[in-house]
Amino acid sequence: MAINTLEYAKIFSQTLDRQMLAEATSGWMEANAGQVKYSGGNEVKIPMISTSGLGDYDRDEGFKRGAVTLSYQTMIMTQDRGRTFHLDAMDVDETNFVAAAGNVMGEFQRLQVVSEIDAYRYSRIAALAAAKDRAAEQTVTAENVLSLLLADIAMIRDKIGDTTELVISMSGLVTPLLAQSKEIQKKIDVSDFKKGEVSMKVKSLDGCPILPVPSARMKTAYMFYDGETTGQEGGGFKPAEGAKAINWIIMPRNVPVAVSKTDVTRIFDPMTNQQAHAWKIDYRKYHDLWIPENRLASVWVSKEA
């Protein structure tokens, strides 16, 4: 056929990656992957820099030689997810394939993929923080939410100073409690927050942007369906048994390293597809999140009591 399915696949992959960055509430975390090396597949290489500390200056010998090491640590993206879709040839012809397939894949990613990746990232952060005693159970009310938040912010700034921007990812069920606080109007501001190519206005507390997150994506653990086992055919995810709701996560903007890659989206036209007289679209997504060991002390997670 005259249609170039390889070119369509490339366009879809790039478009879907941009959509992911814009619509995921955790999309801002991908900015920290700028120095990560990715050459396809499920492996990424993350730069690791270490230096020696200061030493005394000697007036006769001068400076003491220091050491600096730049290496790349190979990490495996543990989340390897995918689906295949068929668009019947009678419903989609060559002239409207791009529009039809674009709508289908865009809706699939917006409704299914974005929420799953958000959920994985927040639960992953919660697990890493809990392992380093950087999490606490708190009963949050309209009366105490402001004081708890300010105390958590102060605790982190005491460790890292005031010059690093902190970001607060807050459950959509806790945000209304903050709005009910009697003192909040004196503390809240509106600031610009940039996520990829998207700039948006968000509320900020003590200079920290507050990003509301649907509560369904803010749990400490999830079960991700394989899409095949009985009861899991529909795919997707759900909170794991015993999972707790996350009230908020506070961390420096430059700490989480999130990577999300749409592997080459494969497209087969009806004459090539051997399974059905239909367009076949294969979608595969690699993603994961890491926090360097030496930066976990700057992360704090509040979860329900």
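This passage describes a nonpolar core, a strand and a surface patch in a predicted model.

Residues are numbered from 1 along each chain as its sequence is written. In this predicted model, local features need pLDDT of at least 70 and side-chain atom pairs count only at pLDDT 80 or more, while totals for chains, interfaces and linings use all residues, and side-chain values use heavy atoms, with hydrogens and water left out.

The largest nonpolar core (a set of buried Ala, Val, Leu, Ile, Met, Phe, Trp, Tyr and Cys residues joined through side-chain atoms within 4.5 Å, where buried means under 20% relative accessible area with a 1.4 Å probe and protein chains only) has 23 residues, and those with the most contacts inside it are Met 29, Ile 125, Ile 291, Val 299 and Val 301. The largest share of this core, five residues, is supplied by helix H2, which spans residues 97–131 (helices, of at least four residues, and strands, of at least two, are DSSP runs numbered from the N terminus).

Strand E15 (residues 300–304) is largely enclosed by the rest of the structure, because four of its five residues are buried. E15 pairs in the parallel sense with strand E5 (residues 135–138) over four bridges, pairing being assigned if DSSP finds at least two bridges between two strands. With strand E12 (residues 246–252), E15 pairs in the antiparallel sense, also over four bridges, and Ser 302 in E15 is the bridge partner of Trp 248.

At the surface, Val 68 in strand E3 is exposed (over 50% relative accessible area), with a value of 63%.
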